Number of protein chains: 2
Amino acid sequence: MRRSLDFKKKARVIIVDDNYDHLSGIKELIEIESDFDVVATATSASVAISLIKKYRPEIVLMDINMPEKDGLTAIAEIEKLDLGVRIIALTGYDDPDLIFRAMKIGAKGYILKTMASAQLIYAIDEVAAGKIYLPATLSSRFFEYFQQSFKEETQSVSDEENLLNYLTQREEEVLDLLTQGITYKGVAQKLFISETTVKTHVNNIFQKLQVNDRTQAVLYALNNGFLNRRKVKIAI
Amino acid sequence: MRRSLDFKKKARVIIVDDNYDHLSGIKELIEIESDFDVVATATSASVAISLIKKYRPEIVLMDINMPEKDGLTAIAEIEKLDLGVRIIALTGYDDPDLIFRAMKIGAKGYILKTMASAQLIYAIDEVAAGKIYLPATLSSRFFEYFQQSFKEETQSVSDEENLLNYLTQREEEVLDLLTQGITYKGVAQKLFISETTVKTHVNNIFQKLQVNDRTQAVLYALNNGFLNRRKVKIAI
DNA sequence: CTATTTATTGACCAGATGGTCTATACCCTC
DNA sequence: GAGGGTATAGACCATCTGGTCAATAAATAG
């Protein structure tokens with residue numbers, strides 16, 4: 001029991017930072033203040049990726065602000081490799097957009113360089129233990145940004161303005177099939193009605209949505225919460 | 001300075017919980033352990049909404065598990081009123097999906113009923129001060145769910161499988177215009193080429209994406225990260 | 001009971017769309 | 001300089017799409 005805990009603590013770490021002074025500072029800090037094993041360091045993202053493939057560390061500390069290939073892209077690439085590496089992002093700024101994007105692409109933690117050394121060790125500890133760690137202040141920032149991005153999305157159009165609300169139930173069914181890229185004939189078969197009827201519905205839909213063709217109708221539906229209930233869908 | 005802090009602390013609170021015992025328990029706790037002013041309580045969401053309109057509290061504690069109108073819907077409705085009320089969700093379960101949805105629709109905090117009373121007071125404190133508060137354990141859950149929902153979305157298709165990657169630059173431009181619901185003629189004008197050329201490109205796009213018409217092409221593009229860079233877009 | 005809304009269908013037509021084949025010109029690579 | 005990929009363009013044609021007008025039946029609202 002004790003052994004396995006100790007074993008877990010001896011997680012191997014790779015540090016990536018284009019500033020050599022920062023790099024060695026963090027390295028020393030970790031070596032002195034913690035049990036972690038810094039197996040390698042890198043001053044560029046591309047070198048880092050090679051090292052990660054070679055050493056397969058448990059933890060990577062990745063500076064976000066780097067020239068050439070930036071840290072976020074690097075994180076995305078590493079995550080794509082699916083090596084089980086757990087990445088902690090590291091920057092000087094608490095820009096919510098950066099935090100959001102880092103967490104989105106799979107960073108397991110996000111730390112500011114200005115934070116106390118104990119916080120860094122704690123973060124590594126938590127992440128090494130399989131958790132996701134964001135300091136309270138950053139997590140607060142994240143959520144504000146997160147909620148804001150929703151408000152703009154969903155609350156931008158009120159119910160009265162959302163033309164989708166004026167569609168009848170049958171028209172919604174037809175539109176639903178249209179958003180799956182089905183032709184008049186196909187819709188007619190699916191709904192057991194004639195092609196002409198479908199055309200009538202489609203025409204009514206166009207008028208209500210104030211569009212001229214199915215592509216625009218589909219786009220309107222997608223942009224105004226028509227099939228939102230289906231699945232979580234996030235994109236930047 | 002001191003006064004304004006004290007003033008802030010005297011935030012008015014409304015508590016909503018269909019279980020009367022819980023309700024009065026929380027009420028007592030807040031009245032004894034904190035400076036907050038419980039101006040009203042409600043055992044149903046609809047009553048709560050009326051009370052909120054009447055009292056305009058700073059804080060609402062909202063139980064999520066309620067019959068009739070559930071707490072999440074209630075939160076969404078209250079947020080839509082845009083009264084500046086700050087809502088803290090309250091449940092017995094740390095279901096990540098619930099947490100995610102609560103935060104999505106604008107809850108400023110999320111607390112488990114099993115948590116220590118001090119934690120509840122602290123949460124109200126933070127939220128009353130304008131912050132968003134999630135206890136570390138819940139925030140961890142949230143992030144796991146958050147990242148998972150991405151992985152399914154973005155990593156579901158590898159680069160080789162994503163047929164969009166086989167499009168030439170010109171074809172991408174054409175597709176981009178198609179996803180805006182523009183006709184052959186319109187595309188031709190925008191790109192300063194003939195309508196025939198557009199048709200050729202479109203046909204090539206269809207073959208590469210293995211679809212039969214523009215609607216399907218647009219849907220494929222939308223579902224496979226074609227215009228993802230534009231805006232944050234989240235939906236459930 | 002009448003008016004309105006909704007769902008249904010037909011007919012007709014212009015124009016848009018999609019499929020196929022062919023052809024030229026440019027650029028890049030081998 | 002031959003070959004491959006890309007962008008351009010025309011011709012032809014079947015089909016699909018969208019617009020309009022008209023009509024019936026059922027359900028709902030007033």
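**Entry 1: the surface near DNA strand C**

I looked up which helices face DNA strand C in this predicted model. Three helices each supply at least two residues of the surface near the strand: H10 (195-209) of chain A, H9 (184-191) of chain B and H10 (195-209) of chain B. Which helix gives the most? I found H10(A), with five residues.

I then listed the surroundings of DNA strand C and found 18 residues. The closest are Thr168(A), Ser194(A), Thr196(A), Thr197(A) and Thr200(A). I sorted the surface by class: three residues are nonpolar, nine are polar and six are charged.

Next I asked what part of strand C the protein meets. Of the strand C atoms within 4 Å of the protein, 63% belong to sugar or phosphate. The rest belong to bases.

**Entry 2: polar contacts to strand C**

I picked out single atom pairs. On chain A, a backbone N or O atom of Ser194(A) lies 2.6 Å from a phosphate oxygen of DNA strand C. Ser194(A) is also among the closest residues to this strand.

On chain B, I noted Tyr184(B). An N or O atom in the Tyr184(B) side chain is 3.1 Å from a phosphate oxygen of strand C. I also noted Asn212(B), where a polar backbone atom is 3.4 Å from a sugar or linking oxygen of strand C.

**Entry 3: the surface near DNA strand D**

I turned to the other strand in my notes. DNA strand D has 18 residues around it. Those that come nearest are Lys199(A), Thr168(B), Ser194(B), Thr196(B) and Thr197(B). Sugar and phosphate make up 65% of the strand D atoms that come within 4 Å of the protein.

Here H9 (184-191) and H10 of chain A, along with H10 of chain B, each supply at least two residues of the surface. H10(B) gives the most, with five residues. By class I recorded three nonpolar, nine polar and six charged residues near strand D.

I wrote down three polar contacts to phosphate oxygens. A polar backbone atom of Ser194(B) is 2.6 Å from a phosphate oxygen of strand D. A polar side-chain atom of Thr197(B) lies 2.8 Å from one. From chain A, a polar backbone atom of Arg214(A) is 2.9 Å from a phosphate oxygen of strand D.

**Entry 4: helix H9 of chain A**

I went back to H9(A), which supplies at least two residues near strand D. Which residues of H9(A) are buried? They are Gly186(A), Val187(A), Ala188(A) and Leu191(A). I checked what covers them and found that the cover includes helix H8 (169-178) and H10 of chain A. An α-helix has 3.6 residues a turn, so residues three or four places apart point the same way. Just after H9(A), Phe192(A) takes a positive phi of about 55 degrees.

**Entry 5: Thr215(B)**

I located Thr215(B) in helix H11 (residues 214-223) of chain B. Is Thr215(B) buried or exposed? Its relative accessible area is 3%, so Thr215(B) is buried. Setting aside residues up to four places away in sequence, Thr215(B) touches Leu178(A), Gly181(A), Arg214(A), Thr215(A) and Val218(A). Arg214(A) had come up before, through its backbone contact with a phosphate oxygen of strand D.

**Entry 6: chain A overall**

I closed with chain A as a whole. Chain A has eleven helices and six strands. Of its 236 residues, 47% count as buried. Chain A exposes about 11800 Å², and carbon and sulfur atoms supply 49% of that area. I also looked at contacts in chain A with a separation of 6 or more: residues 24 or more positions apart account for 63% of them.

Notes. Residues are numbered from 1 along each chain as its sequence is written. Chains are lettered from A and ligands numbered from 1 in the order in which they are written. This is a predicted model: local features need pLDDT of at least 70, side-chain atom pairs count only at pLDDT 80 or more; totals for chains, interfaces and linings use all residues. Side-chain values use heavy atoms; hydrogens and water are left out. A residue is near a molecule or strand if one of its heavy atoms lies within 4 Å of it. A polar contact is a pair of N or O atoms within 3.5 Å; within protein, one must be able to donate a hydrogen and the other to accept it, and residues adjacent in sequence count only if both atoms are side-chain atoms. Helices (H or I, at least four residues) and strands (E, at least two) are DSSP runs, numbered from the N terminus. Ala, Val, Leu, Ile, Met, Phe, Trp, Tyr, Cys and Pro count as nonpolar, Asp, Glu, Lys and Arg as charged, and the others, Gly among them, as polar. Buried means under 20% relative accessible area, exposed over 50%, partly exposed in between (1.4 Å probe, protein chains only). Contact means heavy atoms within 4.5 Å. Accessible areas come from the Shrake-Rupley method with a 1.4 Å probe; for residues, only the protein chains shown count as cover.
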